[in-house]
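User: Could you take a close look at one part of this model for me, and then carry on into what surrounds that part? Please keep it plain, and spell out any cut-offs as you go.

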Amino acid sequence: MAEASPERVNVADRLAAAAAARPDAVALAAADGRGGFRTATLGDLEADADRLARGLMAIGVGPGKRIALLVRPGIEFVALVFALLRTGATMVLVDAGLGRKNIVRCLEATEPDGFVAIPLGHALRVLKRSRFPKAKLNVTVGRRWFWGGQTLTSLRRLAGQQPTTGHWPRTTASDSAAVVFTSGSTGPPKGVLYTHGTFEAQCGMIQAEYDIRPGDTDLACFPLFGLFNIACGVTTILPEMDFSRPASCDPKKLLAAANQWKVTQAFASPAVWDRVSRHCEETGESIPTLKKLLSCGAPVPAKVIRRTLACVHPEATMHTPYGATEALPVATIEAQEILNETAEKTDNGAGVCVGRRFGSRQQAEGSQQIDREPTTSVVGGTTFAWRVIRITDDPIPTIDETEELPTGEIGELIVKGPQVSKEYLNTEPRPSGSDQTGPTHNELAKITDGTDPGNPAVWHRMGDVGYFDEQERFWYCGRKSQRVVTSQGTLFTECIETQFAPPFSRAALVGVQCESGIEPVIIIEHPKVISNPPFQPEKYFALREANRRNRTGDGCLAIQKHLVKHQFPTDIRHNSKIRREELAVWAEKQLRKRKEH
């Protein structure tokens, strides 16, 4: 008896279903830069994605091909994403904010077979042609210059040469769909391999957890999240902003877009919510229709949550999903739980509570008695699990070599599940041509689970440290690579910084090499403004250190060194994560100058 073919899995099928149900509903409204919006209905977007996919297949794009997608967020970008998914090719996505050097390095690592890009992207390809020898399948989005290849117009024309039914390659859950690069907030950007199963699991989990429904209208300040909305039949609004620099957004433009389209939900980084809420507090403006808010990229301070909830619908909820490029979503927590219960503990050095495991709420609601392990849930028929294990910087080949820690003890978080990536692509952590040896990123971040020989799984090491409380909520204490290990003990960034952070800004903990070893240093972000009363660093640090030691006990390490910096460097994707590695280099230079004088 012949084995059944693997089930087709492709998140682009969700767009087809949404378009069939509501073809005339607006799928996407993208700011045109002139105060207006370009719009596309679900039916229009589905039809164009279909045409573009058939055109791409006509020039040879399909399974086994990698295509770099360098297109600004907008209608063409969304149509091309769903088109490439349908062809079975693997699209390569890189943040524009990485800078040209990093973008070239990342793209080169994927060995793309072609570029679907704006003219600037093709100019980069031509200038660096020796780095992309396989790039023959090229499409220009916009005006094509001397480099040849196809345009969107010619692709649509070529679509007529392809069959209109039964033409899509069968993509399964394990087939490659995309290479998505990390933001590089704690090291070089890494290419994360997404399968079609990864995208489908992410979309289904987010939709179920936050009750995302057709008919909702979303303000998408992070375009990739907008793709999930469109796949779920949600009208998505792309406001006028530089998506590679969200902290520079103009809150007036965001509010104008939100109120023009009467948005009911919105997704943005903490940096965006901070700017929007400050503007609303100062002007009295609001977004009265906004009832569901999501924030991702870094913990949201309680003061930002309070300000934000004050300028939206009075019954609005605000959720902060937690995860990483390699594993998203992992956990979630709602604003009221933060404000009423966890914020005070965070201020006193307990870390930041990022909430409960994704899917655990639905599981609890659907069953009076849960007989599964408390650290697992079933999502789409696949087990999603998490554990806190003993911290080590060494590779861990198998799950049998880990030590799971009890409730309340700080360790490293590891996760496995359908939304968790299995591997990085081209992952050597050393520069090209280097004779250094060492573990690859896969060896450092992945753990093989062979407990079920018939279905081997991979655990991902999140690189985050923290602990579970009695309610099995995860309390984030910082990045493992950013903990400060001294001869007297270990300090974790999130546990220390909240106790030093001034009401007007942030604090950062870094370790600096000195004669006696690693020494902890606290840096305060103090904007270039005249404060009233004037900010006096020596008195401020003395008071904070005294209060911290009183709250946390005599065993707490005193921090003797402190600095003030006007602005912290942050990650390029959300402009929210502090780049402490850069701050540590800066702090070492400052302390050296201080010593010399």
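Analyst: A word on burial before anything else: a residue is buried when its relative accessible area is under 20%, exposed when over 50%, and partly exposed in between, using a 1.4 Å probe and protein chains only. Asn 575, at 15% relative accessibility, counts as buried on that scale. This is a predicted model, with local features needing pLDDT of at least 70 and side-chain atom pairs counting only at pLDDT 80 or more, while totals for chains, interfaces and linings use all residues. Residues are numbered from 1 along each chain as its sequence is written, and side-chain values use heavy atoms, with hydrogens and water left out.

Let's start the close look at helix α8, residues 223–231. Helices here are DSSP runs of H or I with at least four residues, strands are runs of E with at least two, and both are numbered from the N terminus. Eight of the nine residues of α8 are buried. Among them are Pro 223, Phe 225, Leu 227, Phe 228 and Ile 230. After the helix comes Gly 233, with a positive phi near 80°.

Phe 225 is a good residue to follow out of α8. Its relative accessible area is 8%, so it is buried. To talk about its ring, we need one rule: rings of Phe, Tyr and Trp (for Trp, the six-membered ring) pair if their centres lie within 6.5 Å, and the pair is stacked with planes under 30 degrees apart, edge-to-face over 60, and tilted for the rest. The structure holds 16 such aromatic pairs. In one of them, Phe 146 and Trp 147 have ring centres 5.4 Å apart and planes at 65°, which means the pair is edge-to-face. Phe 225 and Phe 267, by contrast, are stacked, at 4.1 Å centre to centre with 15° between the planes. Phe 225 belongs to α8 and Phe 267 to strand β12 (residues 265–268), so this pair ties together parts that are 42 residues apart in sequence. Phe 267 is buried too, with a relative accessible area of 4%.

Going back to the edge-to-face pair, the two partners contrast in burial. Phe 146 is exposed, at 67% relative accessible area, whereas Trp 147 counts as buried, at 15%. There is also an aromatic cluster, made up of Tyr 322, Trp 386, Phe 468, Phe 474 and Tyr 476.

From Phe 267 we can step into the sheet that holds β12. Seven strands form this open, mixed sheet, in the order β2-β1-β11-β10-β12-β13-β14. Strands pair here if DSSP finds at least two bridges between them. At the edges are β2 (37–41) and β14 (317–319), each with a single partner strand, so one side of each has no neighbour in the sheet. On average, neighbouring strands are turned by 15° against each other, direction ignored. For angles like this, axes are lines fitted to C-alpha atoms (for helices, over the stretch in contact), and the angles run from 0 to 180 degrees between N-to-C directions.

At the β2 edge, strand β1 (residues 26–31) pairs with β2 in the antiparallel sense over five bridges. One bridge matches Ala 29 with Thr 39 of β2. Helix α3 (residues 75–87) lies across β1 and β2, running at about 30° to β2; contact means heavy atoms within 4.5 Å.

To finish, here are some charges over rings. That label needs NZ of Lys or CZ of Arg within 6 Å of the ring centre and within 35 degrees of the ring normal. Arg 143 lies over the face of Trp 145, 4.4 Å from the ring centre. Lys 446 has its charged end over the ring of Tyr 424, at 5.2 Å from the centre.
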